[in-house]
Amino acid sequence: MPLKIATWNINSVRLRQGQVERFLTEHEPDLLCLQEIKCQNDQFPAKAFRKLGYEHQAVHGQKGYHGVATLSRRPLSEIHSRDFCAVGDSRHLCVVFEAGGQLMRLHNFYVPAGGDEPDPAINPKFDHKLRFLAEMEEIAALDSNIPTILVGDLNIAPLENDVWSHKQLLRVVSHTPIETEGLTRVYEKGGWSDLIRAKIPPHEKIFTWWSYRARDWDVSDRGRRLDHVWAAPQIADRLVDLQVIREARGWQQPSDHVPVVATLDYS
DNA sequence: ATGACGGATCTAATCCGA
């Protein structure tokens, strides 16, 4: 039995509970990391997801904004969240579970978007994003001897083919050099492997987010790869499949992000 | 302008997303 791990910025879990159920039923991931659940813990539709076999849930909600949750068919331990930048946002969850007789750690992240102006001196939101990234450098692929996976909406599209136009987005928040350099430091310092780019080579365009503002998102296809799945090298070695579920962007009243699913060979 | 939609909130108009 392979191990399937998925990540999805759902942009309100209450509004799209049915879409989460559809995704869980159709793709049967072992674990699903959600971002932007936009509700408090007691408003999270835990019962509905439990009914589908996701009995183990870690929820870190917040009123109105942000909020993350990790759903699992396997028991979870060492559940904790860290308050990055000490501002009280719910943007991180960490859990441990078992795969192939070994422990595995899973980080679920929602990195700040960063506002409009890519200058930390005049835009506090962008400054927050850069400080959040600097703090993320402490997260490594091998943490206390447990191989680790890091997923989530990192709100940065680091490579040229992670955006529809590298040239036109160089000064747009999510693709500016200062952000991509910050993310690259997190990546290199942590010893990570990028599972999306392990399956879809860097010369091919691949996106996980498309703006709501486009007249026709599919035709214009002006997307960005903001959602990521990183893993320790020994986990990356077991990657058998990686799917970006583009069709979910075409579902009725969709999230602006689509799910990403990694399949790993752990029997 | 790439491009003006879509979510939550003290259900009205405002903040936020990226």
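Biologist: How much of chain A is buried?
Modeller: In this predicted model, buried residues account for 44% of the 267 residues in chain A.

Biologist: Which residues sit at the centre of the largest nonpolar core, in terms of touching the most other members?
Modeller: That core has 69 residues, and L34, I149 and A231 touch the most other members. Strand β6, residues 92-99, supplies the largest share of the core, with 5 residues.

Biologist: What does I149 touch, leaving aside residues up to four places away in sequence?
Modeller: On that basis, I149 touches I5, M104, L106, W230, A231 and I235.

Biologist: And what share of contacts joins residues at least 24 apart?
Modeller: Among contacts in chain A between residues at least 6 apart in sequence, the share is 66%.

Biologist: Turning to the overall fold, how many helices and strands does chain A have?
Modeller: Chain A has 8 helices and 15 strands.

Biologist: What radius of gyration does chain A have, and what would a compact globule have?
Modeller: The value for chain A is 17 Å, which agrees with the figure near 18 Å for a compact globule of 267 residues. Along the principal axes, the C-alpha atoms fill a box of roughly 45 × 40 × 40 Å.

Biologist: Now the DNA. Which residues come nearest to strand B?
Modeller: There are 28 residues around DNA strand B, and S12, A113, S174, Y212 and R213 come nearest.

Biologist: How does that surface divide into nonpolar, polar and charged residues?
Modeller: The surface near DNA strand B comprises 8 nonpolar, 10 polar and 10 charged residues.

Terms used:
Residues numbered from 1 in each chain as written. Chains lettered and ligands numbered in written order. Predicted model: local features only at pLDDT ≥ 70, side-chain atom pairs only at ≥ 80, totals over all residues. Near = placed C-beta within 6 Å. Nonpolar A, V, L, I, M, F, W, Y, C, P; charged D, E, K, R; others polar. Helix = DSSP H or I, 4+ residues; strand = E, 2+ residues; numbered from the N terminus. Rg over C-alpha atoms; globule rule 2.2 N^0.38 Å. Buried ≥ 20, exposed ≤ 12 C-beta atoms within 10 Å, placed from the backbone. Contact = placed C-beta atoms within 7 Å. Core = buried A, V, L, I, M, F, W, Y, C linked by C-beta atoms within 7 Å.
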